Amino acid sequence: HRIVKEHPSSIVAVMGCYSQISPEEVTGITGVDLVVGTQGRRDLFEYLNNIQKHTHAVNAVQTFEHGMDYEELPLLVNESRARAMLKIQDGCSQFCSYCIVPYARGRSKSLPPDEVIRRLEGLNRNGYREVVLTGIHIGCYGLDLTPATRLSDLLVKIRDEAPVRRIRISSIEPRELTDDIIRLVGSSDIFCNHFHIPLQSGDDQILKRMHRPYDQNFFRQLVLKLNKTIPGIAIGVDVLVGFPGETEAAFDNTYALIKELPVTYLHVFPYSPRQGTPASGYPDQVPAPVVKKRCQRLRALGNIKRANFYMDHIGKCMEVLVEGKRDPSTGWLKGITDNYIPLIFEGDDCLKEQFFRVRYDQVLPDRPIRAIPC
């Protein structure tokens with residue numbers, strides 16, 4: 001509404017998940033000229049070249065069909081040429097009871113392995129030293145392709161061809177973090193010692209209501225295996241707080257599970273009902289003040305976990321990828337280790353966007369972690 005008001009003579013196009021889920025609502029907004037969902041975005045300029053200001057918006061939202069190909073879009077990269085994001089998969093076929101993503105993004109679709117390698121090589125030529133492999137449901141990578149393949153097969157191909165110096169894997173579902181992937185990451189320097197795993201709840205009954213395909217014991221054994229197999233690994237965890245029916249006892253089960261496990265940091269989200277999902281109609285919604293209090297408790301626990309992880313690495317030499325911009329508060333160089341520890345240190349600009357070995361001696365609360373060359 002603000003953009004329409006501030007730019008009345010412009011053609012206004014709305015794209016993405018909101019359009020895909022509620023195209024009629026978006027086309028009804030006065031001043032909107034074009035509505036595109038989560039498919040057909042690569043045709044945006046063709047749409048724009050053929051559109052004029054209309055009284056009613058043109059609805060170009062496509063319905064999802066079985067076997068739709070992965071929609072390739074131009075690479076999106078960070079301003080710093082140290083690190084880039086490469087999306088290798090889109091969509092989700094899991095249908096958790098709280099999640100709107102399968103309805104907004106469709107079924108899982110994958111970028112073919114040879115194309116993944118080609119894009120990684122291109123990023124490397126353009127100066128990127130680390131690439132984060134991303135997706136909506138990355139653990140399902142390749143199952144839709146012909147012939148079908150797996151994420152572990154892609155990682156083997158990346159290891160063997162080494163198209164870029166360092167690879168980081170984004171969020172991956174617990175059941176899809178297989179022994180093959182764990183062994184690959186633990187045995188090859190190209191992969192970062194870092195996994196981010198959605199837990200969502202540590203209570204078995206809540207996990208069932210969420211339609212999550214594991215229980216708390218499976219998650220416990222997975223984290224313990226990772227910690228034992230890959231020394232120094234960073235393990236991030238997603239937690240969804242206040243899901244309908246989450247009693248105080250259920251929340252306590254989540255808190256206790258996280259407290260006992262060697263996880264590194266938490267991403268804590270309050271549950272928010274999404275219209276059209278099964279959970280939005282569940283009757284036992286948790287009051288907002290209760291959800292807020294529980295989130296605060298978990299975030300405090302996450303801060304303790306993160307600080308303890310940092311303390312465990314004091315005095316160790318680690319390789320850091322130096323970013324292209326300096327720390328604004330100190331003017332020092334900054335970067336991230338492969339196990340996701342942010343560090344700052346003194347150095348010349350020639351170190352930017354390069355790998356450099358450092359160690360740190362002290363962790364101070366609410367301050368950047370300072371390191372020195374090894």
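Leaving aside neighbours within four places in sequence, which residues is Leu-133 in contact with? In this predicted model, the list runs to Leu-86, Ile-88, Leu-120, Ile-138, Leu-155, Ile-158, Ile-167, Arg-168, Ile-169 and Ser-170. Leu-133 also turns up in the largest nonpolar core, a set of 56 residues, where Leu-133, Ile-158 and Phe-195 touch the most other members. There's a second core too, separate from that one and made up of 15 residues, with Met-318, Val-322, Ile-341 and Leu-351 among them.

Next up is helix α10, covering residues 216–229. A quick check on its geometry works out: at 1.5 Å a residue, its 14 residues should span 20 Å, and the end C-alpha atoms are indeed 20 Å apart. Gln-216, Phe-219, Arg-220, Leu-222, Val-223 and Leu-226 are the buried residues of α10. Looking down the helix axis, these buried residues fall within an arc of 165°, so they line one face of α10. As for what sits over them, the cover includes the helices α8 (179–187), α9 (204–210) and α11 (248–260), plus the strands β8 (194–200) and β9 (234–241).

Besides helping to cover α10, α11 packs with helix α12 (residues 288–312). The angle between α11 and α12 is about 5°, and their axes are 10 Å apart. The two helices are therefore roughly parallel to each other. On the α11 side, the contact is made by Glu-248, Phe-251, Asp-252, Tyr-255, Ile-258, Lys-259 and Glu-260; α12 brings in Arg-294, Arg-297, Leu-298, Leu-301 and Lys-305.

Key:
Residues are numbered from 1 along each chain as its sequence is written. This is a predicted model: local features need pLDDT of at least 70, side-chain atom pairs count only at pLDDT 80 or more; totals for chains, interfaces and linings use all residues. Side-chain values use heavy atoms; hydrogens and water are left out. A nonpolar core is a set of buried Ala, Val, Leu, Ile, Met, Phe, Trp, Tyr and Cys residues joined through side-chain atoms within 4.5 Å. Buried means under 20% relative accessible area, exposed over 50%, partly exposed in between (1.4 Å probe, protein chains only). Contact means heavy atoms within 4.5 Å. Helices (H or I, at least four residues) and strands (E, at least two) are DSSP runs, numbered from the N terminus. The expected span of a helix is 1.5 Å times one less than its number of residues. The arc is that of the directions from the helix axis to the C-beta atoms. Axes are lines fitted to C-alpha atoms, for helices over the stretch in contact, and angles run from 0 to 180 degrees between N-to-C directions. Angles under 35 degrees count as roughly parallel, over 145 as roughly antiparallel, 65 to 115 as roughly perpendicular and the rest as oblique.
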